[in-house]
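Please look over the protein shown below, beginning with a few single positions in its loops and then turning to the chain as a whole and to the empty space inside it.

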Amino acid sequence: MRFIPDDLTEAKLREIQLEGLKWTVRHAYHHSIYYQTKIRDSGLRPEDIRSVEDLERLPFTDKEDLQEGYPFPLRSVPFDEIVRIHASSGTTGKRKILCYTAKDVDLWADMFARCYELAGLTRQDRVQIAVGYGLWTAGVGFQAGCERFGAMALPVGPANAEMHCEMMVDMQSTVFCSTASMALLMAEEIHKRGLLPNIKIKKVILGAERCSDAMRQRIKELMGVEHVFDIYGLTELYGPGTGLDCHFHEGIHYWADHFIYEVIDPVSLKPVPSGKDGELVVTTLHKEGSPLIRYRTHDITRLLDRNCPCGILLPMHDRILGRTDDMFIYRAVNIYPSQIEHVLSQVEGIGSEFQIHLEEREGGRDMMKICVERKTGGRKDDDPGLTELIASEIRHKILVRSNVEILDPGSLPRTQRKSQRVFDHRNGNRK
Ligand code: DLL
């Protein structure tokens, strides 16, 4: 192992976490007015942090805190130590801007290199990077990690399918990195063009959005790849590369020697035990530019309390199951898109793409329409049966009525970015 530590023990990890936590609280308190005020208001001083358990006494940080301090929220170093900024678009309000010191950028590349190592790459691999460059952390994250690891980076970025196909064939790329939506788009394109015999992609690394099992399976089949790896990350926490599932695909290993993950109940804000779903909260241990103290990601997952057969001592969390702010209310029922996705993924005869449309009918009654595609090669005559089956499954498993529309394969939009699943056309979108 070159990047993944192989000498970690639980005791050593706890020692690293305690030192890192103490350092982060001291650093943030003494260099950021924002953090100083927040920590002081909670009645704490940095010296009060004596064990990892004291983390729970610290106040949370949330996305609003990043907007209030715009344009340099959470900044904890002088400007002359900042070598780069990144931003995530954010659907409402101002962008979230995060600053990085030279050490942050360096550490992020090391962490990302662990992902490539965990995915079993070698320096012979050719890594085609199909995510966006620029203010978004994605492109530069995948690239810096690849260069640090020592494989060949092909920084194609979010180019069109034509260009990606050409590069795959000419450069004989072996690894493809993108969002889940882009990987599906490319897999279908390769299939349509009959390019499978001419390409050498063996591994796909995807993230930035949820990817259903059905979607993963389709990508595997159409691209002829051995493994599809799930990579997690968010702008606030460096960017992509904060964890990846190994080839056993039992969960996402994360770098607990660089950050502490807690999972909390988003209502009571109390930590939930391992294995139970909740909102992921992150505290960094070595981040200088914009450290995070109990930052609420709003991503839903669970910590996994088991050892992975791969033998790596870094702990795991489950795939991201959704976001607390993805939830919508339909006829007084709280629904996450991932619940609909789960029902759909168990229905034979349909594709992996779907859209949920919420409409307000005359008389004020809400209606939910679920659009899905017939499986490639499926028969139109089967549509009425499929419609009935899906509506009935939704009724039984989610306890709501819905209309289902079966579309021709490939008719829902494929995007190079993150796919939008829910379209709420109702007045004042009920959340
Ligand atoms: O999406 C960073 C990234 C780029 C990760 C490319 C992986 C690959 P943001 O734009 O700040 O950063 O969005 C972060 O995306 O809070 C999750 O809701 C979602 N997300 C990221 N990775 C995954 C994943 C990047 N593997 C937000 N599965 C996060 C599900 C994911 N959702």
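Pro-71 is found in the loop between helix H3 (63-68) and strand E1 (82-88), where helices (H or I, at least four residues) and strands (E, at least two) are DSSP runs numbered from the N terminus. The peptide bond that leads from Tyr-70 into Pro-71 is cis, with omega near 5 degrees. The model is a predicted one, in which local features need pLDDT of at least 70 and side-chain atom pairs count only at pLDDT 80 or more, while totals for chains, interfaces and linings use all residues. Residues are numbered from 1 along each chain as its sequence is written, and side-chain values use heavy atoms, with hydrogens and water left out.

Two further loop positions have a positive phi in a residue other than glycine, namely Ala-332 and Leu-399. The table sets them out side by side, with exposed meaning over 50% relative accessible area, buried under 20%, and partly exposed in between (1.4 Å probe, protein chains only).

| Residue | Phi | Loop | Relative accessibility |
|---|---|---|---|
| Ala-332 | near 70 degrees | between strand E16 (328-330) and strand E17 (333-335) | 75%, exposed |
| Leu-399 | near 65 degrees | between helix H10 (383-398) and strand E20 (403-407) | 66%, exposed |

Ser-32, in the loop between H1 and helix H2 (33-41), is buried, with a relative accessible area of 4%. Leaving aside residues up to four places away in sequence, Ser-32 touches Arg-75 and Ser-76, a contact being heavy atoms within 4.5 Å. Ala-113 belongs to helix H4 and counts as buried at 0% relative accessibility. With residues up to four places away in sequence again not counted, Ala-113 touches Phe-3, Gly-145, Arg-148 and Phe-149.

For the protein as a whole, the secondary structure comes to ten helices and 21 strands, and buried residues make up 54% of the 431 residues. A compact globule of 431 residues would have a radius of gyration near 22 Å, and the protein agrees with this at 22 Å; the radius is taken over C-alpha atoms, and the globule rule is 2.2 Å times the number of residues to the power 0.38. Among contacts between residues at least 6 apart in sequence, 67% join residues at least 24 apart.

Where is empty space left between the atoms? On a 1 Å grid over the protein atoms alone, a cavity is a set of points where a 1.4 Å probe fits but cannot get out, whereas a pocket is an open set with protein on both sides within 12 Å along at least five of seven lines, and lining residues have an atom within 4 Å of a point. Grid points are joined across faces, edges and corners, and a volume is the space filled by probe spheres set on the points.

By this rule there is one cavity of 30 Å³ or more, and about 40 Å³ of space lies in the largest cavity. The largest cavity is lined by Arg-84, Val-105, Trp-108, Ala-109, Val-140, Gly-141 and Ala-144, with helix H4 (102-118) and helix H5 (138-149) as the elements that give two or more residues to its lining.

The second largest pocket holds about 960 Å³ of space and is lined by 33 residues, of which Leu-13, Arg-14, Gln-17, Tyr-254 and Pro-315 lie nearest its centre. Helix H1 (10-31), strand E9 (252-254), strand E10 (259-264) and strand E13 (303-304) each supply at least two residues of the lining of this pocket.
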